[in-house]
Amino acid sequence: MDELLTDAERQLWHAWKTASERVREHVAEDIRAATGLSDPDFGILTRLVDLGGGVLRQNELGASMGWHRSRLSHQLTRMEGRGLVARATVDGGVEVAITTSGRALVATARPVHASSVREHLLAHIAGRDAESLRRLLDGLADGSTPSGH
């Protein structure tokens, strides 16, 4: 059986969780206050624009978000009801398209997002530290070992 985390390891783990949750909450709240978009709304709309030029297969969208099919379907139903996206059955699946209203809200939300990320994250990280942190996070995200370890 593996040993339990040491006090220092547990403190680092809790600091990581708390900081990441807090930053995400602040950014999501800033976007919501400015546009009415929830964090999931913003994630879906930006993926539609960035990954598909405005249209993606529903299964590709779900995979890009790491969401189960039913969660995505429920979220898209809510967004359709608000006129942010439209779904259409196509050969072999469903396509999700951003609407004109959805595009307008993304255009409004993106500068808010940028400002909020700068305020709640980047302003707290010095230049060299930012690059080191980015490399570390990239390594964690893709499962590779950071250089020098």
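Trainee: Where is serine 115 found?
Mentor: Serine 115 sits in helix α5. Keep in mind that this is a predicted model.

Trainee: Is serine 115 buried, exposed or partly exposed?
Mentor: Serine 115 is partly exposed, because its relative accessibility is 42%. Buried means under 20%, and exposed means over 50%.

Trainee: How far is serine 115 from isoleucine 31?
Mentor: In sequence they are 84 residues apart. In space the distance is 10.0 Å, C-alpha to C-alpha.

Trainee: Which residues of α1 are buried?
Mentor: Ile31 is one of them. The others are Val23, Val27, Ala28 and Thr35.

Trainee: And what do the buried residues of α1 pack against?
Mentor: They pack against α2, residues 39–52, and α5, residues 100–120.

Trainee: Anything general about spacing on a helix?
Mentor: An α-helix has 3.6 residues a turn, so residues three or four places apart point the same way.

Trainee: How many residues does α1 have?
Mentor: Helix α1 has 29 residues, 7–35. From first C-alpha to last, α1 reaches 42 Å. That is close to the 42 Å expected at 1.5 Å a residue.

Trainee: What follows α1?
Mentor: Glycine 36 does. Its phi is positive, near 85°.

Trainee: Switching to pockets. What volume does the largest pocket have?
Mentor: About 1000 Å³. Its lining has 27 residues.

Trainee: Which residues lie nearest its centre?
Mentor: Trp16, Ser20, Val23, Arg24 and Leu121 lie nearest the centre of the largest pocket. You met Val23 above as a buried residue of α1.

Trainee: Which helix gives the largest share of the lining?
Mentor: α1 does, with 12 residues. The helices that each supply at least two lining residues are α1, α2, α5 and α6, the last being residues 127–142.

Trainee: Now the strands. What order do they take in the sheet?
Mentor: The order is β1-β3-β2. These 3 strands form an open sheet with antiparallel pairing. β1 and β2 are the edge strands, each pairing on one side only. From one strand to the next, the twist averages 25°.

Trainee: What holds paired strands together in general?
Mentor: Strands of a sheet pair through backbone hydrogen bonds, either parallel or antiparallel.

Trainee: How many bridges join β1 to β3?
Mentor: 3 bridges join β1, residues 55–57, to β3, residues 93–98. Valine 55 stands opposite alanine 97 there.

Trainee: And how many between β2 and β3?
Mentor: 6 bridges, again in the antiparallel sense. Strand β2 covers residues 85–90.

Trainee: Which residues of β3 are partners of alanine 86 and threonine 89?
Mentor: Alanine 86 has alanine 97 as its bridge partner. Threonine 89 has valine 94. Also, arginine 87 stands opposite valine 96.

Trainee: So alanine 97 turns up twice?
Mentor: Yes. Alanine 97 in β3 stands opposite valine 55, and alanine 97 is also the bridge partner of alanine 86.

Trainee: How many residues lie between the strands in the hairpin of β2 and β3?
Mentor: There are 2. In this hairpin, glycine 92 takes a positive phi near 80°.

Trainee: Last one. Which helix lies across β2 and β3?
Mentor: That is α4, residues 69–81. Helix α4 runs at about 120° to β2.

Notes:
Residues are numbered from 1 along each chain as its sequence is written. This is a predicted model: local features need pLDDT of at least 70, side-chain atom pairs count only at pLDDT 80 or more; totals for chains, interfaces and linings use all residues. Side-chain values use heavy atoms; hydrogens and water are left out. Two strands pair if DSSP finds at least two bridges between them. Helices (H or I, at least four residues) and strands (E, at least two) are DSSP runs, numbered from the N terminus. Axes are lines fitted to C-alpha atoms, for helices over the stretch in contact, and angles run from 0 to 180 degrees between N-to-C directions. Contact means heavy atoms within 4.5 Å. The expected span of a helix is 1.5 Å times one less than its number of residues. Buried means under 20% relative accessible area, exposed over 50%, partly exposed in between (1.4 Å probe, protein chains only). On a 1 Å grid over the protein atoms alone, a cavity is a set of points where a 1.4 Å probe fits but cannot get out, and a pocket is an open set with protein on both sides within 12 Å along at least five of seven lines; lining residues have an atom within 4 Å of a point. Grid points are joined across faces, edges and corners, and a volume is the space filled by probe spheres set on the points.
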